[in-house]
Structure formats: C-alpha cells, structure tokens
Amino acid sequence: MRNVVITGGATGIGYAIARHFAEAGERVTITGRREHVLKDAAARLGVAYAAFDATDPDAVSEAVERLPATIHVLVNNAGGNTDRARPAPRGLRAVAQAWRANLDLNLMSAVLVTTALLPRLGEGARVVNIGSIAARGTGSGSYGAAKAALESWTADLAAELGGSGGSGGTANLVAPGLVLETEFFGDGLDEEGIRRRVASTRNGRPGTPHDVATTVGFLASPDAGHITGQVIHVNGGAYLGR
Ligand SMILES: NC(=O)c1ccc[n+]([C@@H]2O[C@H](COP(=O)([O-])OP(=O)(O)OC[C@H]3O[C@@H](n4cnc5c(N)ncnc54)[C@H](OP(=O)(O)O)[C@@H]3O)[C@@H](O)[C@H]2O)c1
C-alpha cells in the first residue's frame with residue numbers, strides 16, 4: 001500500500017483522483033484550505049485530510065508534520081484561475097497583484113509543497129502536476145502563463161527525481177481541457193462557453209474528472225516508470241500535443 005497526497009483533493013478533479021487511489025487500496029491524504037469541505041470529502045472517501053493554504057510557505061512548512069513520513073505519490077492538483085474571482089485590474093499595482101495570484105496558486109503551490117515534501121519522497125516516487133490546456137496558447141493570460149511555467153518546472157523536477165540506474169522517481173504534468181463537474185468555473189461558464197469549448201474537441205464532449213484521474217493513476221503506476229518530464233494532454237483532441 002502506498003501513501004498518496006493530493007492537494008485540492010476535496011473537490012472536482014482532485015476528488016476524482018483521490019477516489020481513484022482510494023478504490024485501488026492506497027492510503028490517501030487530501031489537502032485544501034476549507035476544513036469543513038475536506039472533512040466531508042474525507043469521510044465520504046474514507047481517507048485522511050490536512051487543511052492548509054498551499055501558497056503560504058509558513059503554512060506548508062507547518063503542515064508537513066501532519067502528512068505521512070514517507071510519500072510515494074504526490075499530486076499537485078490545487079489550482080484555478082484567480083482572475084475569475086476578481087474584477088479586471090486597473091493600474092499596475094492591481095495588474096501585479098492579479099498576476100501574482102495566479103502564479104502563486106498554480107505554480108508556487110506545487111513548488112512549495114513538492115520542495116517541502118522532497119525529503120519524504122520514497123524511492124521510485126511519482127509526482128504528477130495538474131496543468132491546463134490554457135498553457136498552450138488558448139488565451140488565458142496569467143493563468144495560462146502560470147500553467148506554462150508549471151510545465152517548465154516539471155521538466156526540472158523530473159531530472160531531480162530521476163537519479164540514475166532506473167530506480168528513480170518520475171515527474172509528469174497532466175494538462176486537461178474543459179472539465180465539468182468541478183468548482184473551477186463557479187457560476188461563470190454558460191451554455192455558449194461550454195458549446196464553444198466542446199466544438200474544439202475531436203470527440204465532441206467535455207472532459208470529466210474521471211478522465212483526468214485515470215491518467216494520473218497510470219502515470220503513478222509501476223508500468224509508467226520510463227515516462228517522465230512529459231506533458232500528457234487530456235482534452236478530447238482540442239489541442240494536439242504531438
Ligand atoms: N475544470 C477545468 O476545466 C480545468 C481545466 C484545466 C485544468 N484544470 C486544473 O485542474 C485542477 C483542479 O481544478 P478543478 O477543476 O477540480 O477545480 P476545483 O474544484 O475548484 O478544485 C480546486 C481545488 O484546489 C483547492 N485550492 C484552491 N486554492 C488552494 C490553496 N491556496 N491551497 C490549497 N488548496 C487550494 C480548492 O479547495 P479550497 O478552496 O478549499 O482550498 C479545491 O479543492 C486545477 O489545477 C485547475 O487549474 C481544471
């Protein structure tokens with residue numbers, strides 16, 4: 001049985017990833033900021049939880065003590081487009097704040113949590129970062145830029161975890177396209193927004209959290225030991241990562 005930690009694991013894609021590993025008999029810990037949401041989700045899944053803000057270095061340092069001593073699989077899933085929750089920025093100060101919010105949530109959360117947990121990652125550990133189709137030029141401003149930076153850092157992390165001789169760990173990034181049944185869009189995506197995104201796929205449907213979870217599950221499996229430093233696109237062909 002492996003210890004699996006999933007940030008942002010109480011809702012949406014993270015919840016589906018947690019369910020995937022829990023159903024496979026792994027020991028799962030989910031994290032997030034809202035303790036009541038985590039507590040409910042953890043009870044439904046039969047997993048452990050730890051509440052902390054993954055963008056806050058002090059909170060991450062403190063939370064490490066509440067996480068398993070050895071971690072075999074880390075999924076950096078916490079993220080979202082912070083521009084959705086704020087008015088269009090006016091003035092340089094507001095622009096800087098808006099950009100930093102997306103960089104903090106989508107890049108620094110993964111960097112901080114992974115760096116804090118590096119000493120606990122066991123031999124052959126698997127790290128999977130959740131990126132986005134937005135990194136590949138679909139026009140999502142600081143959100144897409146933050147996910148593109150996450151892709152770049154994943155390549156560095158793969159070298160750091162890889163070691164030599166084939167027993168090292170792997171780091172990969174799974175980049176979803178549109179995924180419904182999550183809190184990502186809040187109330188903000190109307191029928192036309194969904195229709196437009198689905199029209200850009202080659203299979204005519206939106207993604208589900210399950211689509212992403214099974215991909216993460218494969219990358220975390222022993223069979224995926226020679227796949228590392230990669231971006232795996234889960235988007236129905238809306239963007240072709242070839
Ligand atoms: N849905 C899509 O169409 C889509 C497409 C491409 C990529 N993605 C990516 O998929 C990942 C999961 O998103 P989702 O769609 O499942 O949305 P979601 O339901 O909003 O999930 C985001 C999770 O992250 C947690 N979180 C947010 N800020 C946090 C922070 N500062 N510290 C710790 N946890 C934090 C949230 O819990 P708390 O609020 O309680 O902290 C929540 O559980 C994100 O990285 C997102 O960018 C989503």
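Two residues are said to be in contact when heavy atoms of theirs lie within 4.5 Å of each other. With that in hand, we can begin at T70, a residue of this predicted model that is found in the loop between α3 and β4. Not counting residues up to four places away in sequence, T70 touches N3, R120 and G122. The chain also brings T70 and R2 together in a way that the sequence does not show, for although 68 residues separate them along the chain, their C-alpha atoms are separated by 8.9 Å. T70 has a relative accessibility of 34%, and because this value falls between the limits for buried and exposed, it counts as partly exposed.

From this loop we can turn to the interior. The largest nonpolar core has 30 residues, and those with the most contacts inside it are I17, F21, I30 and V216. Helices and strands from many parts of the chain build this core, since at least two residues each are supplied by β1 (3-7), α1 (12-23), β2 (27-32), α2 (35-45), β4 (71-76), β5 (121-130) and α7 (209-219). The largest share, six residues, comes from α1. If we set aside its neighbours within four places in sequence, I17 is in contact with I6, V75, N77, I130, A213 and V216. Apart from this core lies another one, of 27 residues, which includes F52, L74, L121 and A158.

The helix α7, one of the contributors to the largest core, is mostly covered, with eight of its eleven residues buried. The buried residues are P209, D211, V212, A213, T215, V216, G217 and L219. Among the elements that cover them are α1, β4, β5, β6 (170-176) and β7 (231-234).

Strand β5 holds N129, a residue with a polar side chain whose surroundings deserve a careful look. Is N129 buried or exposed? Its relative accessibility is 0%, and because buried means under 20%, N129 counts as buried. Leaving aside neighbours within four places in sequence, N129 is in contact with N76, A110, L150, W153, T154, L157, N172, L173 and V174. With one of these residues, T154, the side chain of N129 makes a polar contact of 3.0 Å, side chain to side chain.

Two threonines in loops can be read side by side. T55 lies in the loop between β3 (48-51) and α3 (57-64), whereas T82 lies in the loop between β4 and α4. T55 has a relative accessibility of 24% and therefore counts as partly exposed, while T82, at 18%, counts as buried because the limit for that class is under 20%. Beyond its neighbours within four places in sequence, T55 is in contact with D104, L105, S109 and L112, and T82, read in the same way, is in contact with A98, A101, N102 and L105. The side chain of T55 is also joined to that of D53 by a polar contact of 2.7 Å. T55 and G79, which are 24 residues apart in sequence, are 9.9 Å apart in space, C-alpha to C-alpha.

The model also holds a ligand, and 30 residues surround it, the closest being T11, R33, R34, Y143 and T182. By class, this shell has twelve nonpolar, 13 polar and five charged residues. Which atoms of R33 come within 2.7 Å of an oxygen atom of the ligand? For R33, it is an N or O atom in the side chain. A polar side-chain atom of K147 lies 2.9 Å from an oxygen atom of the ligand, and for V179 it is a backbone N or O atom that lies 2.9 Å from a ligand oxygen. The protein covers 95% of the 880 Å² of accessible area that the ligand has on its own. The elements that give two or more residues to the shell are α1, α4 (92-117) and α5 (141-162).

A last stop is E181, found in the loop between β6 and α6 (191-199). Most residues other than glycine have a negative phi. E181, although it is not a glycine, has a positive phi of about 65 degrees. Its relative accessible area is 62%, and because exposed means over 50%, E181 is exposed.

Notes. Residues numbered from 1 in each chain as written. Predicted model: local features only at pLDDT ≥ 70, side-chain atom pairs only at ≥ 80, totals over all residues. Heavy atoms only, no water. Core = buried A, V, L, I, M, F, W, Y, C linked by side-chain atoms within 4.5 Å. Buried < 20%, exposed > 50% of the residue type's maximum accessible area, 1.4 Å probe, protein only. Helix = DSSP H or I, 4+ residues; strand = E, 2+ residues; numbered from the N terminus. Polar contact = N/O pair within 3.5 Å; in protein donor to acceptor, adjacent residues only side chain to side chain. Near = heavy atom within 4 Å. Areas by Shrake-Rupley, 256 points an atom, 1.4 Å probe, with all protein chains shown as cover. Nonpolar A, V, L, I, M, F, W, Y, C, P; charged D, E, K, R; others polar.
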